[in-house]
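Biologist: I would like to learn how to read a model of this kind at the bench, one feature at a time. Could we go through it together?

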Amino acid sequence: MENPNQTETELYLFERVVVLCTCTLSFLGSSLIILTFIIWPDLRTTPRKLLVFLSVSDWLSAASYAFGVGRGFLSDSTDCVAQGAVSTFANTSSFFWTVAIAVYLYIFIVRSNQRAADSLVLFFHIVSWGVPLVITITAVCLSKIGYDASEVSVGWCWVRLHDPDRVLWMLLTGKVWEFLAYLTLPVLYILIKRHIHKAHAALSEYRPILANRPPTQSFSSMADVKLTLIPIVFITLRIWSTVRFILLLVDSSVKQHPVLVTLHGIGNTSQGAANCIMFVLFTQPIRTRLSAALCCSNCRSCVPDSGGSPQRLPEQDPLCHGEEDSTSRVPLDR
C-alpha cells in the first residue's frame, strides 16, 4: 500500500482553527466530568467511575491532538513521535472504555447482576489501559509512529507515511478496535433498550392509571434517549476517520477533500465534549448542582446547607423518588 509519490494533505487555517476549538471543548468537557466526580462523592457510582476513566483517555486525546494540530509537524521529529504515541494510546484506550461501559450496563441492567458487573472493573482496567499501552510501546520501539502527512489524520502524527506495513499498524493502533466498537455498541445498547421497554410493559399492567404523568417519566425518557444517542453519537463522530482510512486503501484523492478532512478533525476530537453534554449537562442531578454552584449567593433558589454548599430540593433529584422502579434508572444518570 506504499506510495512513494504520495503528497501531503494540505491543511488550511480554518481547518486548524476548527479542530483546535473542538479539542478545547473536549478538553474542558472531559475536565468537567472528572471535576464533578471529585466534588460530589455521592455521585461516585461504578458507571460514573468508568465514565471518568473514559474521560481521562479523551482528555489525553484532546490535549495531544491540539498539540499536533498547533505544532504543524513536517518530519519524524521527537515531539512528533511523542505526540503520536500519546494520541495512539489515548485514542485506543477510549475505544476500550467506551465498550467497557456498554458491557457493564448490559450486565447490570439486562442480566440484573451487579456483582458480576462490578467484578469486571479490574478486567476493564487491565484491557483498557494494558492493551493500548502494549500496542503503543511496540509501535514506538519498531519506529512505526511518526509523521503521516495528514493522510489519515488532521495535523497530528500517527503511523509513519512511508512505512511498507503502515496499513497493518493503522489497524492495530486504532482502526480494528474502532470497527469492533461500531459492531459492539449498537448491539449492546439495543439489547439494553429492549430489556427496559419489556420491563416497563410488564410493570404497567400493575400500575394504576394516573391522570397526570408520573414525575419519574421524564427521567426515564431522558435515560432512554441517552441509550439511543450513545452509539449514534460515537459512530457519527468516528465514521469520518473510517471513511478516510477506506479511501486510503483504495488510493483515492477524495481523502484530501477539505470538507472530509474537517469532519474527520471534528469527529476525532469531539468525544469528550459529547460525553460532557450527555452525562453532565443532560443529567438533571448534576445540572442542578452546577446551576446552584454558579448562581449568585443571594439567589433564593440556592439554599446553603451547614457546609455552605447549595442544597437541592427533593423534587429536583430523581434519586429522591423512592417509588421509581429500577428499570427506569440508568446508572450513568446518577
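Modeller: Let us begin with a term: two residues are in contact when heavy atoms of theirs lie within 4.5 Å. Please keep in mind that this is a predicted model.

Biologist: With that term in hand, which residues is Leu185 in contact with, leaving aside its neighbours within four places in sequence?

Modeller: Leu185 is in contact with Thr98, Val99, Ala102, Pro231 and Phe234, once the neighbours within four places in sequence are set aside. For the chain as a whole, if one takes contacts between residues at least 6 apart in sequence, 76% of them join residues at least 24 apart.

Biologist: How should I read a nonpolar core, and how many residues has the largest one here?

Modeller: The general idea is that in soluble globular proteins nonpolar side chains tend to be buried together. In this model the largest nonpolar core has 39 residues, and Leu185 is among those with the most contacts inside it, together with Leu50, Ile101, Leu105, Tyr189 and Ile192. Several helices supply at least two residues each, including H1 (13-39), H5 (121-141), H6 (166-204) and H7 (217-249), while H3 gives the most, with 12 residues. Apart from this core lies another, of 10 residues, among them Val152, Val159, Val167 and Trp169. Of the 334 residues of the protein chain, 48% count as buried.

Biologist: At what angle do the axes of H2 and H3 cross?

Modeller: The axes of H2 (residues 46-71) and H3 (residues 78-110) come within 8 Å and cross at roughly 155 degrees. Angles over 145 degrees count as roughly antiparallel, so H2 is roughly antiparallel to H3. Their crossing is left-handed, and the contact of H2 with H3 has, by class, 15 nonpolar, 11 polar and 3 charged residues.

Biologist: I have also been looking at the backbone angles, and would ask which value phi takes in Ser143.

Modeller: As a general guide, most residues other than glycine have a negative phi. Ser143, although not a glycine, has a positive phi of about 60 degrees, and this residue lies in the loop between H5 and strand E1 (145-146). Asp251 also has a positive phi, near 55 degrees, and lies in the loop between H7 and helix H8 (258-268).

Biologist: Why do Ser143 and Asp251 count as partly exposed?

Modeller: Partly exposed residues fall between the cut-offs of under 20% for buried and over 50% for exposed. Ser143 counts as partly exposed because its relative accessibility is 38%, and Asp251 because its own is 47%.

Methods:
Residues numbered from 1 in each chain as written. Predicted model: local features only at pLDDT ≥ 70, side-chain atom pairs only at ≥ 80, totals over all residues. Heavy atoms only, no water. Axes fitted to C-alpha atoms, helices over the stretch in contact; angles between N-to-C directions. Helix = DSSP H or I, 4+ residues; strand = E, 2+ residues; numbered from the N terminus. Parallel < 35°, antiparallel > 145°, perpendicular 65-115°, else oblique. Left-handed = near helix turned anticlockwise from the far one by under 90°. Nonpolar A, V, L, I, M, F, W, Y, C, P; charged D, E, K, R; others polar. Core = buried A, V, L, I, M, F, W, Y, C linked by side-chain atoms within 4.5 Å. Buried < 20%, exposed > 50% of the residue type's maximum accessible area, 1.4 Å probe, protein only.
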